[in-house]
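Visitor: Hello! I am new here and would love a guided look around.
Guide: Welcome, let us look together and take your questions one by one.

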Amino acid sequence: MGRYRAIIGCVTMLLLFSLCAAQPVIAAMILFDNSKNEQAANADWVIDNNFPTPQPLQPTGPNSWLGALSSWGYELYLLGHTLKTLPPTSDITYGSPSNPQDLTLFDLFLVPEPQNLFTASEKQALLDFVENGGGLFIIGNHRGSDRDNDGFDSTQVWNDLNIKDYFGMQFSSTSISGITSNRNTQHPLISTTTYGPVTTLSLHAGNTLTLFPTLNSSVEGLFWLSGSLQGTTNVVAAACTYGLGRVVCITDSSPMDDGTGAPGDSLYPNWGDTQATHAAFFLSATAYLLGLEEQNTAPTISLGNHHPEQPTYFNPVILHAQITDTTGEVVSASAVYKIGTNDQFTTLAMELISGTTKDGLWKTTAAIPPQTSDTLVSYYIMASDDGTPPLSAVAPSRAPATLYSYVVSGEDTLDVSGWKIEQQNSTASLVLPPGTSLRPKRYLLIGRNSDREAFEAFWGVTLDPAIQYIRSTNLSGGQEFPTINGDEIYTLKNTDDFSVDGPTIALQSGQTAQRVNPGDSASQTTSWLVTSASEASPGAGAGTTSNAGVVINEFSDALGSGNYIYEFIELYYDAVAPFPPQITSVNENSNGRTLIQNDVLTVTLQGDAGSTASFDISTVAQELPMSESSPGSYTGSFLAPPGIRVVNALVLGRLENAFGTTVRYAPTTVSIDSGESISIGSLESWSFSGTTSPFRPPEAVFNQGLQLTALSNTDTFGYWLSAVDTPVINQSIYRATFHVSTDVTDSGRVPQIRLRFVSSSGMLSFATVVESTGAGDASPTPVGQQYEVYFSPGCLPEGETLGLAFDLLNFNPFDATPATMQLDAAELVRLSRTAFDNATVLKQYTFDTDEEGWLFTAIPSFFTPPEAARRDGKLELQATDSTNTFGYWVSPVEVALTPGYIYRALATVSTEISDQSRVADLRLRLMTENNQLAGALSVHSAGSGDCSPTPQGVAYELYLVPLPDSISAPFNHCVAAFDLLNFDPDDDATANLLLDSMVIEELVPPQFP
């Protein structure tokens, strides 16, 4: 089948060009059962009385449909799901092509209180469906609820399926009423708040389950009767997994009843019961069965703190938080605070200062103002994500709030509890005990192994009572510190393991080292007065104040035999007030130019002197060092390496001191394109392929380029092909640049060319087609024309490779002959998708109410037309044979083109054929109104057909790059087309394709050197 399809694909591509793109599938296929007499007697357990598709297609409210489940159905419709009902007398099947409601076409099957037993084949279909990844919603009722008097109620129907052995649950013989909030709060179905809290169920003659975890270890209770132990009995709702699928069971049908349905039925409005959370339960259960609760989780806040850590009455306070999102991207964060017992909260915006939107450090853009002494300040951090993946059933999630607080100190003290002094050479360390704090211009002394009185006596000093003295052996562990034997070096670190001061110079035995000035570098010998230990001056001698923070001010040996116990190290708090450093400006030198490889980006920062400065370039590089060229002026640089492609990256400057970190963004952004050029071989290595019957191959030679010469203008076709060996990376965009020239001087008579991406399997190809329609504004000229072609490999599986092709087609008697086309140069580059995140939506087609101006077109003189219709909010094409079917839908002319921009079409296409290898060929096109340029994506069901549409829908994307000279009135618009081609006898003769939606976007092109 693959070889035949490849030949047919080449033939049809000669006559027609096409392309398409699509968005990720945002909806599930959901089937409600009505094959087991679910409307018997007073029951009306359907979403609507029209089968299989509810009517109208676009309901305006739950009462637009007639059924006791219409409220449930309407909520699912609003979430973007496609809903169907298995009609009465239908069979439940799995893998039956003749059943349009076969379970292979659906993600979820809901069976609301079935009244008839499943047949043996239906039982197997249900088990196969769940085992292969489907979701099954089991809904029962009380014993004796046999509504059609056939001898079986729903509990007997379900038990007959042997749900005990497969799913680990079994219905009891009871009839229970009452309200219960006895629930499993740890289960994701219960813990989710996307659809509101799931807290309470109200039963009206329901039933209970017994669970058997020994038969299915995954089974869990969701709700139990009020007052019952959360064990294996008295369960009223449960869930389990089976194979790759999931099962949810509820033992009463009344909670889903919205009170509306067929006239004469006794129905009750329990869906909206204000004493229960029924709607939240059923919507959460639906999402759980579809796996949607795993698609998006709320961000987590692993760290919330404030700087300074112990604010005083004059400190403004900056808040920080480490925010992580495992499934999406954090799009906003804020801090909310209140003063004292006031109930009024104030919100501060937060910005990302390091890391990424998936895991990064955020800080408030403004500070909590200074407060008076002993004031309690409470705050919490909130973060919201983007709801990624963009499934409409999943709302953007917000992180839960954890309350933090601090009390403003009445004194200007700095808490240094937990700070650590590390000693190198004779390795040791000391952690300052809880409650240790320092006031500005005060000392802290650590003595090796003597009490304060003995220490003062040995050194001949009387320490100021405000000076803290710590005997190291009194601390946990009792290790002696410091231990000075020669060459000892000291470093002071805070609780974040940040080096506050040091490393110092090395001290020799019998010496003391005294800091000249606190702001002098600890590692420079000129910063210290080194003299005999007999000259030590513990608790005194600090130099000129420079607001350097806490420093190691002195450390000393002790002379005399056995006097080592009096060795000490002294800390000094050199500060006027403990403020984080201030940044006044951050600038960079790119001036809006995109940097290329080996370009140097220079970043300058102005701020407080004597701090540690660094800068980030978004996700490209972090914490690049900056040097202080003059007091308060910092400079750093970044050399653009190969392989970097980023557009509008933020540049962030960072300044740190002992009291915290301050960050500020530059007012501009930086773009870098240092390329990832992919070798496609020299042009001499390309190979020529010339078809014979029914085409005449062109003459092909290499002459400073790849030449193709057409000797006929009615049947010429041939192409040059590069090696197809570039590995596919699906999260990338590929750009090919072709430079093409011709010997034809009349642009209106230049033969058609195609510039193609080809995949190794033949499942996916993309072409930019250039046609000399009209004046041939887009066609090559004798001096040459450059074309850019963009391609997204999308669905191509791992192991696929790509190549390029250059085609000549001369089928127009008005075109010149002989005519030579020459490929002068070609380049292939892999780009990051982030370079294409600047899209503006120009047009969105949903087909919810009508065809939106799209017209069906066929060529009956050459091909058998497919059947065309709008069905279920989609444009459909259905083949009538598998050897000669072709036809397409084309959009109206309403999307304007602007030179210098890129245009992208995103489309979702589905089919009712479950076997991808038998789906008809799909082509999607985006083309200028005058047909001079077109982007065409062809999807072939070659091999296993991994790229072909599925019943759930597949997303495709394609690009059109207009040339400036080709966009002139009246040819300044584009149109889209959706094609079906069925030329392979191995494909389904009645295969259909459904265009679910299409979006056309305008993008600012990435800047390239």
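**A buried helix and its surroundings**

Guide: Let us begin with helix α7, where the buried residues are H278, A280, F281, F282, L283, S284, A285, T286, A287, Y288 and L289. Please keep in mind that this is a predicted model.

Visitor: How many of the residues of α7 are buried?
Guide: The helix covers residues 278-289, which makes 12 residues. Most of α7 is covered. The count of buried residues is 11 of 12.

Visitor: How far does α7 reach from its first C-alpha to its last?
Guide: At 1.5 Å a residue, a span of 16 Å is expected for this helix. The model comes close to that, and the reach from first to last C-alpha is 16 Å.

Visitor: Which residue with a positive phi follows α7?
Guide: Look just past the helix for a phi near 75°. The residue that carries this positive value is G291.

Visitor: What share of the chain's residues is buried?
Guide: The chain has 1009 residues, and its secondary structure comes to 8 helices and 61 strands. It exposes about 38,600 Å², with carbon and sulfur atoms supplying 50% of that area. As for the residues, the buried share is 54%.

Visitor: Which strands stand at the edges of the open sheet of 6 strands, and why is one side of each left without a neighbour?
Guide: The order in this sheet is β24-β23-β30-β29-β27-β28, with mixed pairing. Each edge strand has a single partner strand, so one side of it has no neighbour in the sheet. The edge strands are β24 (468-471) and β28 (528-532).

Visitor: By what angle are neighbouring strands of this sheet turned against each other on average?
Guide: Direction is ignored for this value. The average turn between neighbouring strands is 20°.

Visitor: Which residue is the bridge partner of A513 in β29?
Guide: Strand β27 (residues 511-515) is joined to β29 (residues 549-556) by 3 bridges, and the two run antiparallel. Across that pairing, the partner of A513 is F555.

Visitor: Which helix packs on the sheet?
Guide: Look for a helix that touches β23 (443-447), β24, β29 and β30 (568-574). Its direction makes about 105° with that of β24. The helix spans residues 452-459 and is α8.

Visitor: Why is β44 called largely enclosed, and which residue of β47 stands opposite A736?
Guide: In strand β44 (residues 732-742), 10 of the 11 residues are buried, so the rest of the structure largely encloses it. Strand β47 (residues 785-791) runs antiparallel to β44, and 7 bridges join them. Opposite A736 stands V789.

Visitor: Which cysteines form the disulfide, and how many residues apart in sequence are the parts it ties together?
Guide: The structure holds 1 disulfide, formed by C795 and C947 with their sulfur atoms 2.4 Å apart. The link is right-handed, with 120° about the S-S bond. C795 lies in the loop between β47 and β48 (801-810) and C947 in the loop between β58 (933-939) and β59 (954-960), so the parts tied together are apart in sequence by 152 residues.

Visitor: Is C947 buried or exposed?
Guide: Its partner C795 has 23% relative accessibility and counts as partly exposed. For C947 the relative accessible area is 0%, under the 20% cut-off. C947 is therefore buried.

Visitor: Why does C240 have no bond to C249?
Guide: C240 is buried, with a relative accessible area of 1%. The closest cysteine sulfur to that of C240 is in C249, and the distance is too far for a bond, at 9.1 Å.

Key:
Residues are numbered from 1 along each chain as its sequence is written. This is a predicted model: local features need pLDDT of at least 70, side-chain atom pairs count only at pLDDT 80 or more; totals for chains, interfaces and linings use all residues. Side-chain values use heavy atoms; hydrogens and water are left out. Two strands pair if DSSP finds at least two bridges between them. Helices (H or I, at least four residues) and strands (E, at least two) are DSSP runs, numbered from the N terminus. Axes are lines fitted to C-alpha atoms, for helices over the stretch in contact, and angles run from 0 to 180 degrees between N-to-C directions. Contact means heavy atoms within 4.5 Å. Buried means under 20% relative accessible area, exposed over 50%, partly exposed in between (1.4 Å probe, protein chains only). Accessible areas come from the Shrake-Rupley method with a 1.4 Å probe; for residues, only the protein chains shown count as cover. The expected span of a helix is 1.5 Å times one less than its number of residues. A disulfide is a pair of cysteine sulfur atoms within 2.5 Å.
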